[in-house]
Amino acid sequence: MLNVYTFTSSSSMSSCRPRRIGVENYITHNGDFEFFKVNGKYYDVEVVQQWLEKVLDTCMPATVDSAAIAGVIDLLRTQGSFALSVRYALCLTLSSSKVEEDPAVSYPSMEEYEEIAKTFENALNEQLEINECENKSVNGLEYISSCEEKRAELVGTVVQLLRTNLEVLPTSKKTNVLGESSRGKKCTAMGRLGKFISSDEEDTDLSNFVQAVVDAFFDNDLLHSTRLFLNDSRGSFGIMVASSLDAHRQTCFAARGQTLSIAFYPKKGLICYGSEQAAVKAGLNYDNPGGNIVQGITREADNATRLDLDDLGGEICLLDWGFAGDSEPAVSPPNRNLMVNKLMNNCVNVVLLQQSDTFKPLSKRLTLLENNEFIKPLSRSEDSIDLVLKDIQDIPGICADIQNDWRSVGLNRMTAWNLARCIQTRMRAHVDGNIKCHGNTVDILVTGCEVSLWVAEQFCSDLQKSFPQLFVKSVSSNKLLGLFGQELAMPCTGFPDSAKTLDLKDPIVIIVSHSGGTFGPLACSNLLQSFSSSIFAVTSEWDTQIGKQLRSMYSDDLLSSRIFSTEVGVRPAEPCSVSVAATHQLLTNIYGHIAITIISDPAYSKAAGSVVRERDLQILERCNQEGE
């Protein structure tokens with residue numbers, strides 16, 4: 001239990017007296033926490049875990065990296081509590097602060113932090129009383145928080161009080177902080193503090209420490225704490241952060257290097273989040289037990305939407321739904337310049353903080369989940385007793401649907417038209433001699449992982465045999481990441497692929513991924529943008545993570561489509577059956593389209609060394625038709 005001052009939005013009145021309450025933080029995390037930075041130096045997560053046991057004075061609950069993230073958030077989320085703010089400043093902001101498995105000097109206990117915090121609380125309470133006498137209509141905490149002069153006044157007062165307390169300590173107390181003192185708990189706590197901070201007036205340690213404590217007390221709310229964590233951490237993060245101090249009104253999400261999506265269902269009063277885009281569509285399938293919140297005629301604003309955070313550049317999203325009539329978001333001064341958006345029929349405030357320089361209005365980033373022909377709802381697992389049998393039974397219908405869609409002017413045909421244009425451009429460059437042909441040239445690069453890669457390899461084999469002088473290459477997405485996505489390239493032992501054996505000068509790239517969210521292919525959809533301007537994806541539906549990346553790279557309209565879709569959607573059965581058959585079918589159609597594009601021009605056909613003739617493609621198409 002700690003003394004905690006309650007903060008609200010800048011326009012609301014709040015109590016200026018602390019309450020004695022418990023403080024707990026909660027996180028969910030998908031990804032890998034690898035390093036944490038203190039004073040410009042990065043420390044491995046294993047060292048951080050050992051250090052957290054010492055600074056938090058608690059045993060490591062689990063060896064997983066997510067537990068370490070929770071521990072760091074415990075250090076960072078300090079707004080409203082001077083005890084937590086003192087601990088934060090002492091552990092992370094001093095010039096001597098560092099991460100050690102076995103610190104030379106023991107950190108104070110929470111009881112000692114509270115003793116030190118009393119000096120800050122007394123100074124703040126006096127200042128609040130003075131402000132209240134001057135103007136009762138002003139929110140005292142907010143007034144001091146947003147006024148640099150008032151903060152400086154508080155810092156000056158506390159510095160004087162702490163310097164006096166530290167200077168009167170016996171010499172023995174400064175040399176042995178573990179010893180008992182006749183001055184009691186306060187003297188013991190100050191003695192512990194004196195081991196870290198000098199009280200000399202010529203030294204700025206004390207004033208810098210007090211400034212850090214005061215700033216953390218006013219600024220380190222949920223959003224700013226998440227921002228500090230993301231700034232000083234290295235790894236991949238798809239995290240949700242919540243605190244018992246804020247759980248009544250807000251929660252925070254962050255993504256960098258790991259996908260994270262948030263779905264909003266205004267009619268149901270429901271918000272879903274998850275690392276998989278498909279997972280947050282769960283709200284489409286089920287009704288509220290008590291019925292929808294929004295009744296009657298459905299407006300466009302009542303349709304469910306989804307926000308995909310920018311996992312490439314890094315992004316933080318704060319959701320604040322207000323409390324007790326306070327409808328404005330509670331955001332500390334460092335982040336009040338951020339734009340506030342309204343969702344869920346204006347009931348939820350959305351504050352976005354992007355680490356990259358890219359900016360796109362929220363309204364342009366939301367994906368419509370309802371009344372959208374490109375969005376497939378999740379299949380209900382309870383609709384079929386045998387999920388594997390259901391997938392096998394669906395194979396003929398799925399393949400027929402792919403064929404019918406290919407004959408119509410749909411998404412796949414628009415994508416095929418764009419692919420044909422890229423093939424023609426590439427072949428024209430061959431005919432004009434603008435491409436140097438050698439053993440390392442890559443005209444078409446096909447990549448994927450596991451089952452998707454195996455199907456892609458068969459496609460590459462057929463294409464290469466049909467056009468021997470066309471350079472077609474299939475490479476695992478993980479190998480591409482190892483070669484081109486690391487500061488130090490990882491050699492592909494047992495494989496001929498290397499940075500020198502792959503001449504990736506604007507090749508046509510086809511990424512095959514049924515889920516559209518597997519880490520390797522998804523990362524390649526970002527990585528290969530620096531090598532190619534012609535990237536396509538073969539996935540199970542239009543709405544996937546890879547699809548999102550390609551839509552952000554190209555114009556988000558059908559005429560610029562780069563997504564081939566089998567329309568299989570998410571399948572709950574573990575074995576691969578219908579997904580493989582559907583991918584084979586779609587790749588067969590793509591193969592035929594590429595072949596027609598090449599042999600339709602004699603110059604292209606000659607440059608590719610085509611062994612396929614129009615008669616061969618007619619036979620292939622007839623087999624396709626009869627196979628239905």
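Helices and strands are DSSP runs, of at least four and at least two residues respectively, numbered from the N terminus. In the predicted model, the secondary structure of the chain comprises 20 helices and 18 strands. One of the loops joins strand S11 (340-343) to strand S12 (348-354) and contains methionine 344. Although methionine 344 is not a glycine, its phi is positive, at about 55°. This residue counts as buried because its relative accessibility is 11%, under the 20% limit.

A positive phi of about 55° is likewise found at asparagine 39, also not a glycine. Asparagine 39 is located in the loop between strand S3 (25-38) and strand S4 (41-44). Its relative accessible area of 42% makes asparagine 39 partly exposed. Most residues other than glycine have a negative phi.

Along the principal axes, the C-alpha atoms of the chain occupy a box of roughly 100 × 60 × 45 Å. The chain has 628 residues, of which 53% count as buried. Among contacts with a separation of 6 or more, 71% involve residues 24 or more positions apart. The exposed area of the chain is about 28,700 Å², with 51% supplied by carbon and sulfur atoms. The chain carries 57 positive and 79 negative charges, whose mean positions lie 3 Å apart.

The largest nonpolar core contains 80 residues, and the members touching the most others are Phe120, Leu124, Phe209, Val210 and Phe229. A second, separate core is formed by 38 residues, including Trp406, Leu419, Leu470 and Ile508.

Within the largest core, phenylalanine 120 is placed in helix H4 (residues 110-134). Phenylalanine 120 counts as buried because its relative accessibility is 1%, under the 20% limit. Beyond its neighbours within four places in sequence, phenylalanine 120 contacts Phe82, Val86, Val158, Leu162, Phe209, Val210, Val213 and Val214. The C-alpha atom of phenylalanine 120 is 8.7 Å from that of valine 155, although the two residues are 35 residues apart along the chain. For phenylalanine 229, the contacts outside the neighbours within four places in sequence are Phe33, Ile69, Val72, Ile73, Leu76, Phe237 and Ile239.

The mean pLDDT of the chain is 86, and 91% of the residues score at least 70. Over residues 172-182, pLDDT remains under 50, and the model has 17 contacts for this segment beyond four places in sequence. Where pLDDT is low, predicted coordinates should not be read in detail.

Notes. Residues are numbered from 1 along each chain as its sequence is written. This is a predicted model: local features need pLDDT of at least 70, side-chain atom pairs count only at pLDDT 80 or more; totals for chains, interfaces and linings use all residues. Side-chain values use heavy atoms; hydrogens and water are left out. Buried means under 20% relative accessible area, exposed over 50%, partly exposed in between (1.4 Å probe, protein chains only). Contact means heavy atoms within 4.5 Å. Accessible areas come from the Shrake-Rupley method with a 1.4 Å probe; for residues, only the protein chains shown count as cover. Lys and Arg count as positive and Asp and Glu as negative; His and the chain ends are not counted. The place of a charge is taken as NZ of Lys, CZ of Arg, CG of Asp or CD of Glu. pLDDT is the predictor's confidence in each residue, from 0 to 100. A nonpolar core is a set of buried Ala, Val, Leu, Ile, Met, Phe, Trp, Tyr and Cys residues joined through side-chain atoms within 4.5 Å.
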